[in-house]
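Me: Please take a close look at one part of this predicted model. I should like a connected account of the aromatic pairing there and of the burial of the residues concerned.

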Amino acid sequence: MSHPTPPGYGAPGAPTHPGSMPPASPYGAPQGPYGAPAYKPGTIPLQPLGLGEILEGAFASIRHNWKVMLGLSSLVIVLVTVIGVAIGAAFLPLIDPWWTRLQENPEFATYFAEANLELSATWLAITAGAGIALPLAAPVVTGILTVSVSRSAIGDRITPRQVWARIRPRIWPLIAWLLLQVVITMAAVAIFVGLVVAIVGGVGGGLAVVLVILLSLGFAGLAIWISIKVMLVPAALALEGQAIWKTVSRVWELTRGGWWRILGISLLAGIIASLASSLISTPFTLIGLLAGATAGGGALGVATLLGQTVVTILTTAFVSAVTALLYIDLRIRKENLAPTLAASAMALAGR
């Protein structure tokens, strides 16, 4: 069963006729006479967004529809975490002998004794399994949150059932995009390692060190540039319904001229999320250490896993909201999307 793309966020097509609405500013944002504030039917004003409006809009999107932003996304993340824990437990017979030999090492044994902790192979397996599985949930969660943020922008509090109906056809493209990124990253790492080996083997000495440093800086710079250029692909995949390659090409063009702005806002959002992660995870870590000192490593593993899950839920909601608003902002700036969104908001208010 197909689900039509919500009005206002499909790929650009024929011109829309929003009908009766406030006159548009030169940027496409409806404004009243004498520079009156832009039309704000939901969490953001329908105009090119500033830094403060994007960050405020991200928090407002979480508050406006917390059932989706925190509830539905939590369900997905917890489900994937459980699957990751089960996978980690399945690999326990392979991890246990290696972990036992490591604990027999005098240096590690001394550290464990001083810390008064008994870190078991079970703790390592379930934590590693969850840590590997959680990133795999990122595409689905990002898609879910992008749909919610896009509707909150025009004042629509969409239900979890409606979100799932709209994102379900896009789950496999989102997962395929993640797998494509993994393959490309592995290929890039293989090429980098091969070049480093060739340089060290062919040149040697101080010149090899200089060349390897320059090569590392070049690869790092290229990776950052490409990651920013394609950062909005999940949002476009969730909202526009196009094939992966068409979406990548479209986002590549959409971000033209806005690379530094996207980088700056993304870095700031990442710093805010990192600070929040530290504040949120610290109590779980302290509780785990206290419990681990008396109840063993299992208590530490449970507390660590719980803290990791809570941090992932909250920071993913915030960062995904910022990403979705960056996508909306670029479409407002470059494609005059604001009048179409205003028409959708007015139709929603009048129904």
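Reply: Phe 192 has a relative accessibility of 23% and therefore counts as partly exposed, since the buried class ends at under 20%. In this predicted model, four aromatic pairs are counted. One of them joins Phe 192 to Phe 219 in an edge-to-face arrangement, with 5.2 Å from centre to centre and 65° between the planes. The angle qualifies because edge-to-face requires over 60 degrees. Phe 192 belongs to helix α7, residues 171-202, and Phe 219 to helix α8, residues 205-229, so this contact ties together parts that lie 27 residues apart in sequence. Phe 219 is also partly exposed, at a relative accessible area of 26%.

Helix α8 takes part in another such contact through Trp 225, which pairs edge-to-face with Trp 252 at 5.3 Å centre to centre and 90° between the planes. Because Trp 225 sits in α8 and Trp 252 in helix α10, residues 244-254, this pair too ties together parts 27 residues apart in sequence. Trp 225 is partly exposed at 38% relative accessibility, and Trp 252 is partly exposed at 27%.

Helix α9, residues 233-240, has a contrasting burial: eight of its eight residues are buried, so α9 is largely enclosed by the rest of the structure. Among these buried residues are Val 233, Pro 234, Leu 237, Leu 239 and Glu 240. Gly 241 follows α9 and has a positive phi, near 75°.

Definitions and conventions:
Residues are numbered from 1 along each chain as its sequence is written. This is a predicted model: local features need pLDDT of at least 70, side-chain atom pairs count only at pLDDT 80 or more; totals for chains, interfaces and linings use all residues. Side-chain values use heavy atoms; hydrogens and water are left out. Rings of Phe, Tyr and Trp (its six-membered ring) pair if their centres lie within 6.5 Å; planes under 30 degrees apart count as stacked, over 60 as edge-to-face and the rest as tilted. Helices (H or I, at least four residues) and strands (E, at least two) are DSSP runs, numbered from the N terminus. Buried means under 20% relative accessible area, exposed over 50%, partly exposed in between (1.4 Å probe, protein chains only).
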